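User: Could you take a close look at one part of this model for me? I'd like to hear about a single spot and what lies around it.

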Amino acid sequence: MIKSFNVKTRSRTEFVNITRDVQDIVSDSGVKSGVCHVFVPHTTAGVTINEGADPSVEKDILTMLNKLIPRSGGYLHMEGNSDAHIKTSLVGSSEVIIVDGGTLQLGTWQAIFFCEFDGARSRQVMVKVMREE
Ligand code: ZN
């Protein structure tokens, strides 16, 4: 069973905390012990796990990604969004989180972030929860 939900982003580059949405799907699945796969089916948006407590951390990550990979940099790709493709490959398109006791086993400070690199637009996140055999 695969569940998905939409994320509406508001900026060209933005992190959206989706931890609650993913945990809700895990809770609804009834799976107590297993793994949760989070997959973003886009080439200019990804997903990462990092600190959710201090919003400065996600801002610092975005600021540095934008500095390292500028929007225009003599890229070949005609669409004009090569920076977004490169950032997406760096953060990746999926995460796997261990589920125990029906809860995502994230560390105290960890959160799951949808990473928008070519917004603003409506995006999809897919989640598959697998029960331990
Ligand atoms: Zn493109």
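Analyst: Happy to! Let's start with K87, which is buried because its relative accessible area is 1%, under the 20% cut-off. Keep in mind that this is a predicted model. K87 sits in helix 3, which covers residues 82-91. Setting aside residues up to four places away in sequence, K87 touches T13, L65, N66, I69 and F117.

Now to the zinc ion. Its protein donors are H77 through NE2, E79 through OE, N81 through OD1 and H85 through NE2, and they lie 2.0 to 2.2 Å from the ion. Along the sequence these donor residues follow the spacing H-x1-E-x1-N-x3-H. The 4 donor atoms subtend angles of 90 to 152 degrees around the zinc ion, so the arrangement is irregular; a tetrahedral site would need all angles between 85 and 135 degrees. Two of the donors can be described by their accessibility: N81 counts as buried at 3%, whereas H85, with a relative accessible area of 23%, is partly exposed.

Finally, the nonpolar cores. The largest one has 21 residues, and I18, V22, C36 and V125 touch the most other members. At least two residues of this core come from each of strand 1 (2-8), helix 1 (19-29), strand 3 (34-39), strand 4 (45-51), strand 5 (94-100), strand 7 (110-116) and strand 8 (122-131). Another core, of 10 residues, lies apart from it and includes I69, A111, F113 and F117. That brings us back to where we began, as I69 and F117 are among the residues that K87 touches.

Notes. Residues numbered from 1 in each chain as written. Predicted model: local features only at pLDDT ≥ 70, side-chain atom pairs only at ≥ 80, totals over all residues. Heavy atoms only, no water. Core = buried A, V, L, I, M, F, W, Y, C linked by side-chain atoms within 4.5 Å. Buried < 20%, exposed > 50% of the residue type's maximum accessible area, 1.4 Å probe, protein only. Helix = DSSP H or I, 4+ residues; strand = E, 2+ residues; numbered from the N terminus. Donors = N, O, S within 2.8 Å, 3.2 Å for Na, K, Ca; no water. Tetrahedral: all angles 85-135°; square planar, octahedral: opposite > 155°, others 65-115°. Contact = heavy atoms within 4.5 Å.
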